[in-house]
Amino acid sequence: MKPGDHVLTTGPGPDDALVVAPLLATSAGLIVANPGDLAAAARHHLIVLAGRHSCRPQLARLLRGCALADATETLALSGATPVRTAWPIAEDAQISRRRFTFADDKLIDLAVIADDLADYDDQDPYGYWDAAGLIQRAQTLLDSPSNACDEDVRCLRLVIAQGIGRSSAFGLREPSLPGPFLATTADDLRVMAELDGTDPLFLWRFAQADAKLHADSMVHSFGKLDNYGLYRDNDYSYYMSDEGRPTAVMVDSDFGNALRVEAFRRFDHHVVVSPHRRALVPVVAVYGVDTAPIYRTHVSVPEDELLVETAGLRIWVQSSEESSDKLEAFHDAVSEAVAYWIWQFSLVAPLRLRAMADEHECLRVLLSFDDQKAWQDVLAQEDTHTETGTPWVQARDNEAGVVRLELAAAGASVLLRKDNEADRQIIQTLAGLTTGTEEALRPDTDLLVEQVAPYGHKKMLQALANPMLLHPGALPVARLVQPAASALVLDELGVWLAEQGFERGMVPADERLNLLNRAVEHCFQRIRATVAGLLPDDLMTQLMARHEALIRTEAHLNQVLPAKLACFGPDSQPALELANESRRRVVATQASRFLIEYVAATPPTGDLPLTLDSYDTLMAIAAELISRATLSDAIRYDFSTAQLSILGSGRLGVSRGDRYETGTNALALARAQSVMAGTDDDLVTRVAPDATAPSTEVEEAMLAEFGFTLTELAHGIGEMLALSDTKGGSGPIALPHAHAQRHLHASLGWADVKVHAFLDQLTLRPRTEFLSVGADAWPWRFNRRWSYARRPLVHLDTANGALLAWAPRHLWSTGRYWVDLLYSGRLKASSKRMKKLMGSIRQGHNKEFEQDAQQALARAGCTITAHSVDKIAGRRLVSPEGHDLGDIDALGIATEHKKIFVVEAKDFEMARNPFELANEADALLRGGKSATFKIVRRARWISTHLALVLRQYTGSSEARGWTVVPVVVTSRDLMTSRVLASNVPVVAIHQLTSWARAHSARGDGAKRRKR
């Protein structure tokens, strides 16, 4: 248009004339008058041209084909597989069809419609598309009772209605077939899948919840993405309030907009010029747009490469050769590390990178192995004789725009180190590439390395650590307890409680345990009924494989979390995602162990396969059972004061913020902070030194208790792992029981009685009733004789005879579990030798811990310290009644501040549930044998005999101005001291020095002012 042709509109909505004609012709040239609507203008003029050339029907078919391709790609990336089916497919010329399978037993029947461009107004780019009739035809095709079949209950009927800028509105009739029905757009489907598509059941569960919402309420929304935002915002359910369920719901469009923004910030889809050909290729952010400018080519691109967009450059990290399958995972890890360090390098020395780029501001970094066979041997740890002085990454034959990095197997030993030297060598190599550039661009290489990658946790390469737990292999994706499945379990429990006569409102305090115990029993009966109907074939190995995936993921996350925090910061997307899953992983591991224990004890006899859906349901029920039982114990042992109620929504409600929940959350936060700081004291467990063989006392006690020594336990586990290796798999294995017996007998030379004792103590086996072993069956308790943690082998009775099943990662972990149980003194002993050993181990730990407390007081500025004080000036500590008060574990005298710290040192193992907390509370705070009771009496003795004590330790009996401070010091941060009140400070050992230093200084200012 020309100046003066357009009349400005001030009403609501877009200015259609500026979309039809967004360019302004002036004497100085063209001006883009409406840049925000250029894409809409191009789309509009394309449709107008198609109308002029009478090819709008063909364009409409192409648009529908693109929508079908997009939807197919999105569903495939979410785990769905296109299939050919014998189902009769009714055809419609304006509807494209496709069918998929997903999540083991589920189906998707997809119908795609698009704007047919009929009645398109050439002057109205944002007109109206009357899609209602076409939508109804699509629903008739997918949801016709005449097409009913057995699979309907497992089928999601999905309609993709793809517009092209015109608005539309439509409704759906009540579905005729039992499976869920969902209508959305290809774009909205992609946003949902990008955010949650790693869960194959995400769309199925949303469609089920959405169908129920529409059945129960009148719903008005502007699109399914808005509904999905509301659903996701309520923890993957439409549970929006504890009050009664709504009868009408208006869904705000802000929900969908928020998801679009989140998806953009996480993936930042855009296209860049390909380094291989004249084309634009799509790339996707690896860590999120707010974390790092590192991208990966989209799966549709033939080359799998990384791109770093930094310092005005496009830096590609590529492979210069085809890698073997065994090296693929390692190559990916190295590529990611190189991309990260290039980004970090660019923040410090951007000009050096620009000097290496070509005239198009592009730089290609090509990775290759010097010897793939040698690298395979190194990664398999078959060749550990590498040269410590050889850099593992070296530059070779570089040129303008191309950097070639060769990975040298001779230097691979650096990858075994716990520090970040391997990463630092990448920076050293990059820094050495520009030695020929101007002097101003060449700062000192060592200084540059220290600036970019200082020694510490900042490392991207974790390649060779923890080989057993991280062993690659075909395992399912680690599956946490799914919130959508949990929501259904909570709703079902609420319905059951109502059927049992529990009325809405507060539950009387004396009825709380009865209600919780009945809820636990109901969950147990649901698990019993569900498991009984399952097909026993391969069920145990499937459950074990799921558990193995959790173990491998947990090991990986424990390994990379400190590094992710150091590399990206605690508030970055990768760090937050890892940290937020921590508690969910604990819940999933407990639930998974319980399912294995239950199936081992009560094998099923049904004919239903275990599907992902049924597995999720079992996991959610198991997690709910454990949660309610734990709360019941917390109330029973006076830790929790939580109130229960039957909510208006029908669910069982638990009040928030009681002392048990507050203490639990505070302790979890403290531990998370210590992990982030790399100082988690709970990650270090007292175990026998790796280089020291078990003592004679330990071996004899093990033999008396179990029939084999600790060394023989290690050898037996090692041989079972070797047996797994010979079968060529890294996943669960099931072999004839006799085969395992013969292998142990032949490989270790054990007598039959030894083989029997070993297998008997490490095997879960069927029993008449799951609960026949009492508390040893309760999954919310720890240190149980019949737990999967202690018994990693499972006896299976089959038509072909007895089998023994196990999973290598869990079996390997069990060795550490037994050692920890033994050397922590927590083993529940039955033989005299083992009971004696447990007592001596606990006593030994306590003596060591007393010395630790003494040293901590010395570091706090106490000039005089002592430990195990049984007498002072030749006098024993006795009460006025003549009772022996026992020893003072540690004593610290701060002469400058006139403070005497009297310490009771308690070397506690971590209490992990209310039952253990009750024992911990009795030992720490409650009763006449508690640590606080004892230390108060000893401190009172010190105060009473203060002159005597000072003369003994300081040489002066002047007691004026002195203060005696009793304190209980624990070996770790305890939940008990956070939940229960104490009249004596309870301080963890790692906090004792700073606490005592602060306490010593407290009051000094007042004393000076008084003087």
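**Entry 1: helix H23**

I started with H23, which runs over residues 737-748: 12 residues, reaching 17 Å from the first C-alpha to the last, close to the 16 Å expected at 1.5 Å a residue. Note to self: this is a predicted model.

Next I asked which residues of H23 are buried. I get His-737, Ala-740 and Leu-744. Looking down the axis of H23, I see these buried residues fall within an arc of 65°, so they line one face of the helix. That fits the textbook rule: an α-helix has 3.6 residues a turn, so residues three or four places apart point the same way. I then checked the other side of H23, where Arg-742 and Ala-746 are exposed.

**Entry 2: nonpolar cores**

I moved on to the interior. In soluble globular proteins, nonpolar side chains tend to be buried together. Here the largest nonpolar core counts 52 residues, and I find Trp-375 and Trp-392 with the most contacts inside it. Which helix gives the most to this core? I noted H9 (residues 325-348), with 11 residues. There is also a second, separate core of 43 residues; I jotted down Ala-591, Leu-595, Ile-596 and Ala-620 as included in it.

**Entry 3: a patch on the surface**

Last, I looked at the outside. Leu-23, Leu-30, Val-32 and Leu-38 make a nonpolar surface patch of about 340 Å². I placed Val-32 in strand S2, residues 29-32. Why does Val-32 count as partly exposed? Its relative accessibility is 42%, and partly exposed covers what lies between the 20% and 50% cut-offs.

Note on methods
Residues are numbered from 1 along each chain as its sequence is written. This is a predicted model: local features need pLDDT of at least 70, side-chain atom pairs count only at pLDDT 80 or more; totals for chains, interfaces and linings use all residues. Side-chain values use heavy atoms; hydrogens and water are left out. A nonpolar core is a set of buried Ala, Val, Leu, Ile, Met, Phe, Trp, Tyr and Cys residues joined through side-chain atoms within 4.5 Å. Buried means under 20% relative accessible area, exposed over 50%, partly exposed in between (1.4 Å probe, protein chains only). Helices (H or I, at least four residues) and strands (E, at least two) are DSSP runs, numbered from the N terminus. Patches are made of residues with over 30% relative accessible area and no salt bridge: like charges are joined within 9 Å, nonpolar side chains (Val, Leu, Ile, Met, Phe, Trp, Tyr) within 5 Å. Accessible areas come from the Shrake-Rupley method with a 1.4 Å probe; for residues, only the protein chains shown count as cover. A salt bridge is a side-chain nitrogen of Lys or Arg within 4 Å of a carboxyl oxygen of Asp or Glu. The expected span of a helix is 1.5 Å times one less than its number of residues. The arc is that of the directions from the helix axis to the C-beta atoms.
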